[in-house]
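Hi everyone, thanks for coming. Let me put today's protein up on the screen, and then we'll walk through it together.

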Amino acid sequence: MPNTIYSNKKRQADGIDIPSDEGINNFDDSPYFDYHHLKAIENHDSKYLCQSLSVSPAANHLSDLHIDDDEALPTLPQVPEKSSFLKEPVTHTADPNAKFEAKDDAITAELCVLYGNLQKCLDLREKYITLSSQRLMDDPRNHDDWNIYPAPPPKSWPLPSPEELERRKAKEKAREADPVAAVGSDFDFDQCEIPGPHVYSFGVGPDGFYQVYKNELDQTAGHPLHPVPSPREFYDDMEFILSVISDGPAKSFAFRRLRYLDSKWQMYILLNEFQELADSKRTPHRDFYNVRKVDTHVHHSSSMNQKHLLRFIKSKMKKSPDDVVIYRDNHHLTLRGVFESLGLTAYDLSIDTLDMHAHKDSFHRFDKFNLKYNPIGESRLREIFMKTDNYIQGKYLAEITKEVVSDLESSKYQMVEYRVSIYGRSIDEWDKLAKWVVNNKLFSANVRWLIQIPRLYNIYKASNAINSFQDIITNVFEPLFEVTKDPSSHPELHVFLQRVIGFDTVDDESKPEKPIFKDFPLPKDWTSGVNPPYSYYLYYMYANTAALNKWRQARGFTTLVLRPHCGEAGDTDHLTAAFLTSYGISHGILLRKVPALQYLYYLAQVGIAMSPLSNNALFLTYERNPLPQFFQRGLNISLSTDDPLQFHFTKEPLIEEYSVAAQIWKLSSTDMCELARNSVIQSGWENQIKTHWIGKDWHKPGVEGNDMQKTNVPDIRVGFRYETLHEELEALRRYAPKGESSEHEEPLSKKDYVGVAGLAESSSIQQHLMSKSPVDKSHIGSFPGAGLVAERAKLRSGH
């Protein structure tokens with residue numbers, strides 16, 4: 001092979017080629033981790049594990065035990081009642097907390113450099129998240145005095161007064177009589193409070209994003225109220241992280257640490273599986289079906305299943321055939337006229353006719369997948385039934401949305417975070433969307449909204465809808481700054497934003513991008529027909545959101561977070577940019593190829609909304625999906641549906657997603673309840689509501705933040721997750737350089753050596769272990785597996 005890992009080989013006596021020790025760290029400068037990297041590390045580890053034992057190779061070699069000699073097979077070693085080695089504890093090979101008295105300065109120094117780089121990556125993320133007010137308590141909606149309107153459903157327990165109970169029963173009876181009309185029935189726009197204007201001003205800064213100024217004098221002088229990282233600073237920080245995750249020893253180290261997390265999980269499950277089941281059975285009332293679960297990633301226009309959409313279209317064709325629904329080719333067309341032009345009747349329609357499910361031909365074909373949004377392959381039907389901004393002002397989409405939401409309200413325990421689009425083609429898109437939501441009363445305790453920004457600059461530019469990338473920034477963000485300064489200028493938008501969580505960015509990530517980003521022009525100068533890369537979009541979304549959030553926080557308005565589509569395909573730059581700037585991501589399946597970045601996502605507990613059924617149809621078959629591996633390692637993941645219209649068949653797509661995952665990956669009820677708890681934590685619901693759903697101290701770490709009566713997740717599971725994460729972060733604390741002094745005083749432990757083999761020569765590690773570890777010849781059990789060998793020897797000798 002041409003790869004440098006196999007370039008230098010040693011020929012063993014038995015004729016087997018083994019990579020040289022030097023080749024382990026000679027990975028290329030890519031952050032990806034391929035099959036040959038894995039095999040090299042496994043071969044390297046096998047030598048390391050077999051030679052670096054506390055048993056001396058010379059004195060206690062296996063060959064000296066004569067295990068193949070039937071006549072010399074020993075019985076199990078007998079320990080005298082008063083044994084000398086019992087008085088002095090022996091450092092056992094399997095004890096991960098065992099300390100080495102003597103230090104190896106070379107290994108410790110290497111470890112400090114690596115942990116220092118990882119700590120700097122985490123510090124950079126913390127800086128960006130803090131500057132953009134994306135932390136939990138930065139959002140005023142998470143404060144105890146936040147007023148939620150319309151108010152969420154009252155608690156069922158304890159029981160209210162008889163009069164209140166009768167009122168609730170009457171309301172529930174009316175809802176059951178007409179569940180669709182009941183959606184949003186308690187919302188009255190006239191009851192919404194609209195604050196007055198604010199003294200701050202805003203404008204586009206020299207780097208192309210909006211800035212907030214204390215007054216017009218500061219704006220003229222160019223002194224913004226809050227600092228935002230410049231494009232140059234962002235790309236420098238991004239380059240640093242890319243260099244860290246592309247470093248050979250760092251990849252090898254992270255891979256071993258992740259395998260260590262896998263092993264800890266397997267040991268935990270072996271020891272506690274039945275205890276978890278017993279704890280769950282002791283919890284009254286709660287099970288998987290009645291714990292709160294949030295669909296953390298679902299697109300609104302495809303939130304219904306195919307059968308639901310088909311039934312709705314047939315209903316409209318029968319009941320409202322004369323509705324004028326579209327203006328096309330200088331003619332107004334009724335619904336009947338549209339279907340006559342297609343040569344179809346209501347009887348002709350079927351699931352197969354709609355053809356909206358993602359079949360085999362969509363795999364790695366995002367262009368074909370996008371066409372699946374067109375019923376019967378007709379874009380005019382998509383405009384009529386699945387758009388908010390059309391000739392009928394989104395009437396049909398509002399009606400079917402209410403039907404879907406009414407099903408959610410009936411289920412009570414399922415919530416959704418719908419993505420709706422703001423394209424950036426015109427300045428009035430926000431007002432149209434807000435009026436559509438407010439006028440159709442699309443408010444529900446089960447629904448929150450995210451705004452997705454499609455990365456389609458090149459298409460808008462080709463159609464002359466915009467002149468430069470600055471036009472997209474203006475059209476997307478200027479209305480938000482206006483409504484923050486004076487909510488009365490966009491009253492519907494102000495009310496709508498109280499239910500908006502944040503921003504998403506969507507499009508095909510597999511499209512090729514320009515690899516060099518330091519020479520990118522400012523948005524006003526980006527006038528070519530080439531689409532900007534992912535990191536460019538994400539940076540300007542971040543910069544504008546950071547400035548906006550500081551102002552909204554000061555005014556006591558809701559803030560917005562970034563939760564983009566990321567890591568579904570494409571380059572590792574996407575995941576790196578999102579790690580710096582975003583509260584959470586959707587998909588993230590490419591983390592399986594980037595162990596160092598996956599380890600960083602674990603340490604930072606970045607929320608990842610994964611959709612394996614969606615990935616199965618588009619980019620990665622179900623059995624290869626890394627979700628079960630991410631889950632057992634302790635990454636902060638949740639299950640989501642993405643596009644029920646294209647990927648699901650049932651009325652409850654989220655339950656369908658959990659069901660398939662449980663069947664394929666053998667998830668236990670505790671596993672599913674933990675995923676459900678993760679989804680609530682990742683979601684953007686107000687703190688008051690999360691407190692009711694998963695416990696009043698849910699934001700606290702470890703067992704202290706778990707209320708099993710509400711989550712049905714045993715305390716031992718939450719405690720294990722916290723202790724494992726705390727152990728990894730504690731290693732950062734111990735080894736990362738502190739200020740001017742980078743000296744490390746604490747001795748290395750066995751668990752610290754997990755991953756060290758990737759930092760130094762295996763021979764030096766072996767010599768270090770053999771020279772520093774105490775040897776007790778009578779303690780044969782210190783050899784892994786020796787007890788089993790002896791037991792088999794005893795059985796064989798008895799025949």
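Let's begin with a question: in which sense do β12 and strand β13 pair, and over how many bridges? Have a look while I remind you that this is a predicted model. Here is what we find: the pairing of β12 with β13, residues 584-587, is parallel and runs over two bridges. Within that pair, Cys566 sits opposite His587 of β13.

Now let's widen the view. These strands belong to an open sheet of four, ordered β12-β13-β14-β15, with parallel pairing. At the edges stand β12 (565-566) and β15 (637-639); each has a single partner strand, so one side of each lacks a neighbour in the sheet.

How about the chain as a whole? There are 31 helices and 15 strands in the protein chain. It has 799 residues, and 53% of them count as buried. Among contacts with a separation of 6 or more, 75% are between residues 24 or more positions apart.

Thr581 gives us a nice example of that kind of long reach. You'll find this threonine in helix α20, residues 572-581. Is Thr581 buried or exposed? Its relative accessibility is 0%, and because buried means under 20%, Thr581 counts as buried. Setting aside neighbours within four places in sequence, Thr581 contacts several residues, including Tyr128, Phe234 and Leu562. Its C-alpha atom is 9.9 Å from that of Thr130, although the two residues are 451 apart along the chain. Within the helix, a polar atom of the Thr581 side chain lies 2.9 Å from the backbone oxygen of Ala577.

A second threonine to look at is Thr711, in helix α28, residues 708-711. At 2% relative accessibility, Thr711 also counts as buried. Its side chain makes a polar contact of 2.9 Å with the side chain of Asn706. Not counting residues up to four places away in sequence, Thr711 touches Val291, Cys673, Arg677, Ile694 and Asn706.

Last stop: helix α15, residues 429-439. Which residues are buried there? They are Glu429, Trp430, Leu433, Ala434, Trp436, Val437 and Val438. These buried residues pack against helices and strands, among them α14 (395-411), β8 (414-421) and α17 (469-485). Just past the end of α15, look for Lys441, which takes a positive phi of about 55°.

That's my tour, and I'm happy to take your questions!

Definitions and conventions. Residues are numbered from 1 along each chain as its sequence is written. This is a predicted model: local features need pLDDT of at least 70, side-chain atom pairs count only at pLDDT 80 or more; totals for chains, interfaces and linings use all residues. Side-chain values use heavy atoms; hydrogens and water are left out. Buried means under 20% relative accessible area, exposed over 50%, partly exposed in between (1.4 Å probe, protein chains only). Contact means heavy atoms within 4.5 Å. A polar contact is a pair of N or O atoms within 3.5 Å; within protein, one must be able to donate a hydrogen and the other to accept it, and residues adjacent in sequence count only if both atoms are side-chain atoms. Two strands pair if DSSP finds at least two bridges between them.
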